[in-house]
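Hi everyone, thanks for coming. I'd like to walk you through one structure today, so have a look at it first and then we'll go through it together.

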Amino acid sequence: MAPSFHLIAIDGRTPIDSPALKGKVVIVDFMATWCGPCRIAIPRLQALYMKYQSRGLAVVGIAANDPSEVADVRQWAAGMGATFPIATDDAQRTTVAAFHVEAMPTTFIIDRTGDAKFMHKGYHDGESDEIEDEIKGLL
């Protein structure tokens, strides 16, 4: 099973709770405003979100930035056109630690039962195609 998480989105009011996502295929992407490859990955995740949301795909971004930087994260995400929910992790980086994230970005693909099926560490050309193939196999 993928680790459970309970966060508040960068809008300051929307809960992002992993138990509420059960029954969906979920992309959990760990990102940061200082991460260059994240600037490439986020628009591609947004495209997958728009394409497959109606078939049961959810995308969640978890920014490794300090929670005090939520306004910066909000501006950064808006600048890249991200409409999927994004949260900052808590000050202790509880969610980052629970997922054993060592690099940004790190992307997990979680199936409808809550099992983490795939993990991508870092970002490389063609990765969004790999992720799309993985989620299509789970939808």
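Okay, let's start with what helix α4 leans on. Its buried residues pack against β3 (25-31), α1 (36-52), β4 (57-63), β6 (106-110) and β7 (116-121). Before I go on, keep in mind that this is a predicted model.

So, α4 itself. You'll find it at residues 127-138, which makes 12 residues. From its first C-alpha to its last it reaches 17 Å, close to the 16 Å expected.

Which residues of α4 are buried? They are Glu127, Ser128, Ile131, Glu132, Glu134 and Ile135. If you look down the axis of α4, these buried residues fall within an arc of 165°, so they line one face of the helix. Here's some background that helps: an α-helix has 3.6 residues a turn, so residues three or four places apart point the same way. And on the other side of α4, Asp133 and Gly137 are exposed.

Let me pick out one residue, Glu132, which sits in α4. Is Glu132 buried or exposed? Its relative accessible area is 14%, and the cut-off for buried is under 20%, so Glu132 counts as buried. What does Glu132 touch, if we leave aside its neighbours within four places in sequence? The answer is Leu48, Lys51 and Tyr52.

Now for the empty space. Rolling a probe the size of a water molecule over the atoms shows where empty space is left.

The largest pocket holds about 220 Å³ of space. It has 16 residues in its lining, and nearest its centre are Ala2, Ser18, Pro19, Ile110 and Gly114. What classes of residue line the largest pocket? There are 9 nonpolar, 4 polar and 3 charged residues.

Then there's the second largest pocket, with a volume of about 190 Å³. This one is lined by 14 residues, and Leu21, Ala58, Val59, Val60 and Pro85 are the closest to its centre. Two elements, β2 (15-17) and β4, give two or more residues to that lining. Which element gives the most? That's β4, with 4 residues. By class, the lining of the second largest pocket divides into 10 nonpolar, 2 polar and 2 charged residues.

One last thing to take home, about β4. This strand is among the elements that the buried residues of α4 pack against, and β4 also gives the most to the lining of the second largest pocket. Thanks, everyone!

Terms used: Residues are numbered from 1 along each chain as its sequence is written. This is a predicted model: local features need pLDDT of at least 70, side-chain atom pairs count only at pLDDT 80 or more; totals for chains, interfaces and linings use all residues. Side-chain values use heavy atoms; hydrogens and water are left out. The expected span of a helix is 1.5 Å times one less than its number of residues. Buried means under 20% relative accessible area, exposed over 50%, partly exposed in between (1.4 Å probe, protein chains only). The arc is that of the directions from the helix axis to the C-beta atoms. Contact means heavy atoms within 4.5 Å. On a 1 Å grid over the protein atoms alone, a cavity is a set of points where a 1.4 Å probe fits but cannot get out, and a pocket is an open set with protein on both sides within 12 Å along at least five of seven lines; lining residues have an atom within 4 Å of a point. Grid points are joined across faces, edges and corners, and a volume is the space filled by probe spheres set on the points. Ala, Val, Leu, Ile, Met, Phe, Trp, Tyr, Cys and Pro count as nonpolar, Asp, Glu, Lys and Arg as charged, and the others, Gly among them, as polar.
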